[in-house]
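Here is a short briefing for a first look. Please keep the sequence and the 3D view at hand.

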Amino acid sequence: MAIEYLKRGKPETERAEDDSKVRAIVEETLKDIETRGDAAVRELSEKFDNYSPPSYRLSLDEIEALIAQVDPRDMEDLKFAQAQVKAFAEAQRASMTDIEVEPMPGVILGHKNIPVQSVGCYVPAGKFPMVASAHMSVATASVAGVPRIIACTPPFQGQPNPAVIAAMHLGGAHEIYVLGGMQGIGAMALGTETIEPVHMLVGPGNAFVAEAKRQLFGRVGIDLFAGPTETMVIADDTVDGELCATDLLGQAEHGYNSPAVLLTNSRKLAEDTMREIDRLLEILPTQETASKSWEDYGEIILCDTYEEMLEVADDIASEHVQVMTDRDDWFLEHMTCYGALFLGARTNVANGDKVIGTNHTLPTKKAGRYTGGLWVGKFLKTHSYQKVTTDEAAADIGAYCSRLCLLEGFVGHAEQANVRVRRYGGINVPYGGPAPYKDAAE
């Protein structure tokens, strides 16, 4: 195996954020919100967003006035994107069916898929108004049938962003609050005098938002632990450097710490891509962010074989994986660790981020090894149920249960079974003793 790094990013030891500082700030902030409620939320909003309206919840009149500010053509595009997201979520929901089976006569087992009863959707808007995030969280929760969906977004340049508010409203949000950062997350999860707490939090955000979700996990559910945007391009000589460079920088502009990796078996493509990145960074309007991200977190990895490329890709487990090779479906068949795949040169990650219909809230920091991203199923809880319908089944299953409970030393458990063996099976089981085997009872 020959794997060569033509460009490396910062070592892992240098990449770590000051997690302890963030953790301490978030912990103190959440305690303050829990103690002082609305007063703490208002102070934080004034401090971080310079925003202090009479009410952080938008009224229907305010929502409609903001929507009226959205250009009609932009509104058409919003509705198209949301229709794509809803259509895919509806197809996913249809694949999740309730079941009921009878593994033995008189014993019925089943499960039901029940929506989470209240969800808080966070939509970032501080640096960029993340309109698409409203589709991914609010609209998907709506398709799942969540009966109470609240949405929070920070003010953008001092005011609610009309397009974000429009997307939240069209997606099905029942309550919309103009609250950002830790105060938005804390208010939704912990509740205040004016905001009823939710059962689950979803949506991306900065390091403080992510840490707040981490600390609140357990008290409420969350979608996943999310870090900075990651992208990987897997390519061979069927494509050119301009395409690869464009796809890498298109995600590097997300932030100063967004990893972007080219994985290839073509040295020419690798070198062409590096030259194209240098060229594009001269003209890219977001070059300040993208160039810093590429400098510190960009990597180009040269492999000998497709098998090596597959192995490296699964080890990195990138959030977004753009595959442009002569065997895209081979990667689809064999890759096991990633957030989402984007197959073929005609496809791109921006499609997935904004419009194509799959969800863009995806696992980062190698979490693709054990989880997928946000989807309609995240808003559904699968609950089992059992029902015993005949006397014979109650006695039969009860006898097994009695003996297995006593095998573990749980006498009280055994008596739950024994009392039914006595009542429905007519067998006199001594208190705290095992029910007899069927052949012995006969």
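**A surface patch and two helices**

Phe217 sits in the loop between helix 9 (207-216) and strand 8 (221-222). Helices (H or I, at least four residues) and strands (E, at least two) are DSSP runs, numbered from the N terminus. This is a predicted model: local features need pLDDT of at least 70, side-chain atom pairs count only at pLDDT 80 or more, and totals for chains, interfaces and linings use all residues. Residues are numbered from 1 along each chain as its sequence is written, and side-chain values use heavy atoms, with hydrogens and water left out.

**Phe217**
- Phe217 has 48% relative accessibility, so it counts as partly exposed.
- Buried means under 20% relative accessible area, exposed over 50%, and partly exposed in between (1.4 Å probe, protein chains only).

**Helix 5**
- Helix 5 covers residues 72-95, 24 in number.
- From first C-alpha to last, helix 5 reaches 35 Å, close to the 34 Å expected at 1.5 Å a residue; the expected span is 1.5 Å times one less than the number of residues.
- Its buried residues are Met75, Leu78, Ala81, Gln82, Val85, Ala89 and Gln92.
- An α-helix has 3.6 residues a turn, so residues three or four places apart point the same way.
- Cover for the buried residues of helix 5 includes helix 4 (60-67), helix 6 (131-144), helix 7 (162-171) and helix 15 (349-354).

**Tyr424**
- Tyr424 lies in helix 17 (residues 411-425).
- Tyr424 is partly exposed, at 43% relative accessible area.
- Tyr424 and Ala394 are 30 residues apart in sequence, yet 6.5 Å apart in space, C-alpha to C-alpha.

Technical notes: Contact = heavy atoms within 4.5 Å.
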